[in-house]
Amino acid sequence: RVTQAPGRLVYPCSGGPATATFGLSRFVGEVSPRGDVDLLIQTGFDFTDRCHWTTKQRILGRLGEPAWSYEYREEPDPGQSGCARGCTATASVRVSVP
């Protein structure tokens, strides 16, 4: 959901609810009064193994830092059998102020 295209983070100056939009994808979370950022998007999809899967993608960082962490995790929904193995990935998100 996070690509090389720029995204946009919106939050109150004193901290509180936050959103980051990358194209059609919208991460939601919070910015703490100290500037800690925690954003999440969760999606679902049907896979060729005939299982329904959930993805969780999280962005963590701190305002003023030039790079934040990104984590991708996918797993089949509970109660299913015969599902493929899930995967995880990590990356960094470059942050700049216009």
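**A tour from the S4–S5 loop outward**

Begin by selecting Arg50, which lies in the loop between S4 and S5. Keep in mind as you go that this is a predicted model. With the backbone of Arg50 in view, look at its torsion angles: phi is positive, at about 70 degrees, although Arg50 is not a glycine. Is Arg50 buried or exposed? Arg50 is exposed, because its relative accessible area is 81%.

Next, select Asp49, which is found in the loop between S4 and S5 as well. Asp49 is buried and yet has no salt bridge, and the nearest side chain of opposite charge, that of Arg50, is 8.4 Å away. What lies 2.9 Å from a polar atom of the side chain of Asp49? Display the backbone of Cys51, since it is the backbone nitrogen of Cys51 that is found at this distance. Then show Gly82, Cys83 and Ala84, with which Asp49 is in contact once its neighbours within four places in sequence are left aside.

From the loop, widen the selection to the two strands on either side, S4 at residues 36-46 and S5 at residues 52-62, which pair in the antiparallel sense over eleven bridges. To follow the pairing at one position, select Ile41 together with Gln57, its bridge partner in S5. The hairpin that S4 and S5 make has five residues between the strands, and the positive phi of Arg50, near 70 degrees, belongs to this hairpin.

Now keep S5 selected and add strand S6, residues 67-76, with which S5 pairs in the antiparallel sense over eight bridges. A useful pair to display here is Lys56 and Arg73, the latter being the bridge partner of Lys56 in S6. Where S5 and S6 are joined, they form a hairpin with four residues between them, and in its turn you can pick out Gly64, which has a positive phi of about 95 degrees.

For the last stop, move to Pro12, in the loop between strand S1 (8-10) and strand S2 (16-22). Pro12 is classed as partly exposed because its relative accessible area is 32%, a value that falls between the 20% limit for buried and the 50% limit for exposed. Finally, add Ser32 to the selection and draw a distance between the two C-alpha atoms: Pro12 and Ser32 are 20 residues apart in sequence, and their C-alpha atoms are 9.8 Å apart in space.

Conventions
Residues numbered from 1 in each chain as written. Predicted model: local features only at pLDDT ≥ 70, side-chain atom pairs only at ≥ 80, totals over all residues. Heavy atoms only, no water. Pairing = 2+ DSSP bridges. Buried < 20%, exposed > 50% of the residue type's maximum accessible area, 1.4 Å probe, protein only. Lys, Arg positive; Asp, Glu negative; His and termini not counted. Salt bridge = Lys/Arg side-chain N within 4 Å of Asp/Glu carboxyl O. Polar contact = N/O pair within 3.5 Å; in protein donor to acceptor, adjacent residues only side chain to side chain. Contact = heavy atoms within 4.5 Å.
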